[in-house]
There are 2 protein chains.
Amino acid sequence: MSILAVGSVAFDTIASPSGRVENVLGGALTYFALAASYFTEVRMVAVVGDDFTREHENVLTRRGVDTRGIEHTKGKTFRWGGQYLDNLNEATTEFTELNVFEQFQPKIPAAYQDSSFLFLANIHPSLQKTVRLNLDGVRLTGGDTMNYWINHTPKELMETLKLVNILLINDTETKMIANDRSLPRAARKVLALGPQALVVKHGEYGATIFFRQGAFGIGTHPFRAPALPIEEVKDPTGAGDSFAGGFMGYLASQDELNREVLKRALFYGGVMGSFAVERFGTERLQQLSREEIDARFQVFRELTHLG
Amino acid sequence: MSILAVGSVAFDTIASPSGRVENVLGGALTYFALAASYFTEVRMVAVVGDDFTREHENVLTRRGVDTRGIEHTKGKTFRWGGQYLDNLNEATTEFTELNVFEQFQPKIPAAYQDSSFLFLANIHPSLQKTVRLNLDGVRLTGGDTMNYWINHTPKELMETLKLVNILLINDTETKMIANDRSLPRAARKVLALGPQALVVKHGEYGATIFFRQGAFGIGTHPFRAPALPIEEVKDPTGAGDSFAGGFMGYLASQDELNREVLKRALFYGGVMGSFAVERFGTERLQQLSREEIDARFQVFRELTHLG
């Protein structure tokens, strides 16, 4: 089934111990869409400037992504610069130029109204809420957020969390929302705010999914999927968004949403994140096959499963 | 089969957000021995002062641990003070009083000579080497070390690594020994120094075991076991040593040492580490049953295994 995804498209300038690239196509939504495109039909809602060329759009359309919801406006596309020279686990931001993204008001094409799945990438929680409320018939909504919104727009974020079925954030964000240093306790508090499931991303150590009692089946046990030990992480940018793309994309490809499917989705998230970091920008995500993806799924399984 | 283990016995003063304890029985070897005691016979080689009472020794003997190799000398036992008030993942050391441990020269009782398994907890690498060379008939040697020895006695450490079959250290130590920021690459370099297997402990995210090509079976894939998300980590002290105790103890209880057994051992390591942190000091490790341990093993399995 189709996923409508809303978020940022950007041009990134990235330095890591493996090299440097300038103004490559990036942004959370781009990583999400490319990763999810291997599982299901993806529809993008975003805004770009007049520096976003046909060639950039082709990166997405070649993967079958529906780009009709990308609004083209006068001005420059969002630009971000960061480096991982001291720490591969966390970017040091060098510059952020919001440009046309600053006034972003998501516009949903009529043709997208029948979308069954929705992913709200990291944008202002009020925009996330508006998008959700403007879509009837959405079966499941996934969402992301960040420390900036947790600190600056907590009220708006709480309103949005009531509408999100599965929240995908990291350890620090989970503890920050809950104001609790214990991860399982913080997870329970976040689930009490609305989501039926919470995916906590641990970077190089994988991710854990926590379920609200009774959601997607029986039991309260969490489930943890590893990340692959990667020989050379060239560029960690977009790993979390690619994870979300693999996770949501796999869910949208399934008929039933039960715990077993959500566990597998967590593995597929890890798989897509592991591919993303192997090359700069979205390079690796542009050229995969479903066979490569499923082969790596098996590697993840062997990495964690007793015989 | 029996494990001979050599290392430190100490009295710890620990503060964490959950409280504070003073001069409780601790030290790497104590945690190791208690954790391993649920799987096999453990023999300790250590040194203590005259402040180490019958009551302290009973903590160990009640668990069936052989304490004949604990040397009693004049003076005070090793004391350590640390706190986890800012960060549950890493202790801030408040004081270290080596006391009788400073002149520790491990003495192996004749009755210990038939030990099949050896664990060299974190002590000077030259002492580790001497212990190993003084024991014939050891089937498998596990070892630990720390940043201090990596930085200050690298030559001695390299000599010891040639005699260690399975090294158990953390991410930072692995990268430090190999001088490489990529974990899989660093692991391969460490394995080239001697060990057939390397267990890298990731703290709250579990552990990964890397195998040298051809060691303990076929293949080069690593294996990763999770740590349990713990509701309240009261005291992280000794988690890594308890992990090593569960890991080595389980190995010593098995007839054959193949990859499947090593994978299970990694799970048992995580299980014992997860118990250790639930109470201050060794309290939790003193009162377990094998049933509780195997029940938690199942929880770990459910936490990670797809259906």
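Which residues are linked with A:Glu278 in a network of salt bridges? In this predicted model, the other members turn out to be A:Arg284, A:Glu292 and A:Arg296. One link in that network can be followed atom by atom: A:Arg296 pairs with A:Glu278, and the closest N and O atoms sit 2.8 Å apart. The two partners come from distant parts of the chain, 18 residues apart. A:Arg296 belongs to helix 11 (residues 290-304) of chain A, while A:Glu278 lies in the loop between helix 9 and helix 10 (283-286). Both ends of this bridge, A:Arg296 and A:Glu278, are buried.

Salt bridges come up elsewhere too, with 33 of them over all chains. A local example is found in helix 9 (residues 259-276) of chain A, where A:Lys263 and A:Glu260 are 3 residues apart and so separated by about one helical turn. Their side chains meet in a salt bridge at 3.7 Å, N to O, which falls inside the 4 Å cut-off for such a pair. The surroundings of the two ends are not alike: A:Lys263 has 16% relative accessibility and therefore counts as buried, since the limit for that class is under 20%. A:Glu260, with a relative accessible area of 26%, is partly exposed.

Chain B offers another pair of this kind. B:Arg43 forms a salt bridge with B:Glu41, and here the closest N and O atoms are 3.1 Å apart. The arginine, B:Arg43, is buried at 7% relative accessibility. Its partner B:Glu41 comes out as partly exposed, at 37%.

Now for how the chains fit together. Chain B superposes on chain A after a rotation of 180 degrees, with 0.0 Å of shift along the axis and an RMSD of 0.0 Å. The two copies are thus related as by a two-fold rotation axis. The interface tells a matching story: 100% of the interface residues of chain B are also interface residues in chain A, so the copies meet through the same surface. In residue terms, 35 residues of chain B are in contact with 35 residues of chain A.

How much area is buried between chain B and chain A? The figure is about 3,400 Å², with carbon and sulfur atoms giving 53% of it. Three residues stand out on the chain B side: B:Tyr205, B:Arg224 and B:Leu306 supply 24% of the area that chain B buries against chain A, more than any other three residues.

Polar pairing across the interface amounts to 16 residue pairs in polar contact, counting pairs with both residues at pLDDT 80 or more. Several elements of chain B each bring at least two residues to the side that touches chain A, namely helix 7 (183-191), strand 13 (223-225), helix 9 (259-276) and helix 11 (290-304). Helix 11 of chain B makes the largest contribution to that side, with 6 residues. By residue class, the side of chain B that touches chain A splits into 16 nonpolar, 13 charged and 6 polar residues.

As for charge pairing between the chains, the count between chain B and chain A is 2 salt bridges. One salt bridge brings together the side chains of A:Glu231 and B:Arg188, at 2.8 Å from N to O.

Key: Residues numbered from 1 in each chain as written. Chains lettered and ligands numbered in written order. Predicted model: local features only at pLDDT ≥ 70, side-chain atom pairs only at ≥ 80, totals over all residues. Heavy atoms only, no water. Contact = heavy atoms within 4.5 Å. Buried area = accessible area lost by both parts, 1.4 Å probe. Polar contact = N/O pair within 3.5 Å; in protein donor to acceptor, adjacent residues only side chain to side chain. Helix = DSSP H or I, 4+ residues; strand = E, 2+ residues; numbered from the N terminus. Nonpolar A, V, L, I, M, F, W, Y, C, P; charged D, E, K, R; others polar. Least-squares fit on C-alpha atoms with pLDDT ≥ 70 in both. Buried < 20%, exposed > 50% of the residue type's maximum accessible area, 1.4 Å probe, protein only.
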